[in-house]
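Biologist: I'm new to this one, so could you walk me through it step by step? I'd like to start with the helices and then move on to the pockets.

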Amino acid sequence: ILAINDPGFLTNDAIGFRVLANVTPRIQSQSDLDYLKAQEPDDENPPKKGDVRSFSLLAHAASESGAIERVGVLRMDLDGLGHTFSDGVPKLTLPVLSALSEAFDLFIGGYLNTLAHKIGGNDVYIIYAGGDDLFIVGAWHRLPDLAEAIQRDFKTYTSQHPALSISGGLTLEGAHFPLYRAAERSDAAEHVAKDYTRPNGDRKNAFCFLGTVVGWEEW
């Protein structure tokens, strides 16, 4: 038995704990319900408080903050992790490999929850996060700041190690745009960031937003 996101697992009669990125926006306000009712007045089974907020609500949350009414799709991935494992750790053993993998997952799969709540509030939805990559959908105006915080805190977490960095891509989509296509578009943006090369030859460690790629040092 493992406790989810609870390091104090002994109080739950568990034998350990596991981190899981599980931030999900929920309908909490009457204004959400009023907006949905206005959009679909003939819905015989309308959403209720506690239900997951739809992409329409997330896009509307952006417009309520004065931003364009769009959903943001954010994908980020650690740079060159395979190279780190194969060549970056002298005398790599199975216990060291396991500890390093667990350390990355503790940040991507666990600490990300804290950042998502702090910066995204009730406007972001972690679709997937674990290992070395993440996939988040939300009110788009929240996601540039969230991406920046992820990169900044990851560098702090790794003690500014020059060989460890993270790249990402963020696209803006309509509320009814198919998620699988949005995932493809944000994945393409992420790969553009990973292909970024500076004049001095340094690669990756970059972010692609609105079709423009910059290194994090410029962001």
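Modeller: Sure, and one idea first: axes are lines fitted to C-alpha atoms, for helices over the stretch in contact, and angles run from 0 to 180 degrees between N-to-C directions. Keep in mind that this is a predicted model.

Biologist: Before the angles, what order do the elements of the protein run in from the N terminus on?

Modeller: The secondary structure comes to six helices and eight strands. The C-alpha trace spans about 65 × 55 × 25 Å along its principal axes. From the N terminus on, the order is β-β-α-α-β-α-α-β-β-α-β-α-β-β.

Biologist: Is α1 roughly parallel or roughly perpendicular to α2?

Modeller: Helix α1 covers residues 30-39 and helix α2 covers residues 55-64; their axes come within 11 Å and cross at roughly 110°. Angles of 65 to 115 degrees count as roughly perpendicular. So α1 is, relative to α2, roughly perpendicular.

Biologist: And which residues make that contact between α1 and α2?

Modeller: α1 passes α2 in a right-handed crossing. By class, the contact has three nonpolar, two polar and one charged residues. On the α2 side you'll find S56, L57 and H60, and on the α1 side D32, Y35 and L36.

Biologist: Next pair, then. Are α3 and α4 roughly parallel or roughly antiparallel to each other?

Modeller: Helix α3 is residues 81-88 and helix α4 is residues 94-120, and they pack at an angle of about 155° with their axes 12 Å apart. Angles over 145 count as roughly antiparallel. That's why the two helices, α3 and α4, come out as roughly antiparallel.

Biologist: How many charged residues does the contact of α3 with α4 have?

Modeller: The crossing of α3 and α4 is right-handed. L81, T84 and F85 of α3 make the contact with L97, L100, S101 and F104 of α4. Sort them by class and you get five nonpolar, two polar and, for charged, none.

Biologist: What about α4 and α5: roughly perpendicular or oblique?

Modeller: α4 and helix α5, residues 143-157, pack at an angle of about 140°, with their axes 10 Å apart. Roughly perpendicular takes 65 to 115 degrees and roughly antiparallel takes over 145. So α4 is, to α5, oblique.

Biologist: How many nonpolar residues are in the contact of α4 with α5?

Modeller: This crossing, α4 past α5, is right-handed. From α4 come residues including F104, F107 and L115, and they meet residues of α5, among them L146, I150 and F154. By class there are no polar residues and two charged ones, while the nonpolar count is 14.

Biologist: On to the pockets. Which element gives the most to the lining of the largest pocket?

Modeller: The largest pocket holds about 400 Å³ of space. Of its 22 lining residues, the closest to the centre are Y35, L36, Q39, E40 and S56. The elements giving two or more residues to that lining are α1 and α2. The most, seven residues, comes from α1.

Biologist: And how many charged residues are in that lining of the largest pocket?

Modeller: Y35, L36 and S56 are among the residues closest to the pocket's centre, and Y35, L36 and S56 are also part of the contact between α1 and α2. By class, the lining has eleven nonpolar and six polar residues, and the charged ones number five.

Biologist: How does the second largest pocket divide by class: how many nonpolar, polar and charged residues?

Modeller: About 220 Å³ of space lies in this one. Its lining includes D79, G80, H83, T84, K155, R203, K204 and N205. The split is two nonpolar, five polar and four charged.

Biologist: Last one: which elements give two or more residues to the lining of the largest cavity?

Modeller: A search of the whole structure turns up one cavity of 30 Å³ or more, and about 40 Å³ of space lies in the largest cavity. F55, V71, V73, V137, E173, G174, F177, L179 and A182 line that cavity, and by class they are seven nonpolar, one polar and one charged. The elements giving two or more residues are β3 (71-78) and α6 (179-194).

How values were computed. Residues numbered from 1 in each chain as written. Predicted model: local features only at pLDDT ≥ 70, side-chain atom pairs only at ≥ 80, totals over all residues. Heavy atoms only, no water. Helix = DSSP H or I, 4+ residues; strand = E, 2+ residues; numbered from the N terminus. Parallel < 35°, antiparallel > 145°, perpendicular 65-115°, else oblique. Left-handed = near helix turned anticlockwise from the far one by under 90°. Contact = heavy atoms within 4.5 Å. Nonpolar A, V, L, I, M, F, W, Y, C, P; charged D, E, K, R; others polar. 1 Å grid on protein atoms, 1.4 Å probe; cavity = no way out; pocket = protein on both sides within 12 Å on 5 of 7 lines; lining within 4 Å. Points joined across faces, edges and corners; volume = space filled by probe spheres on them.
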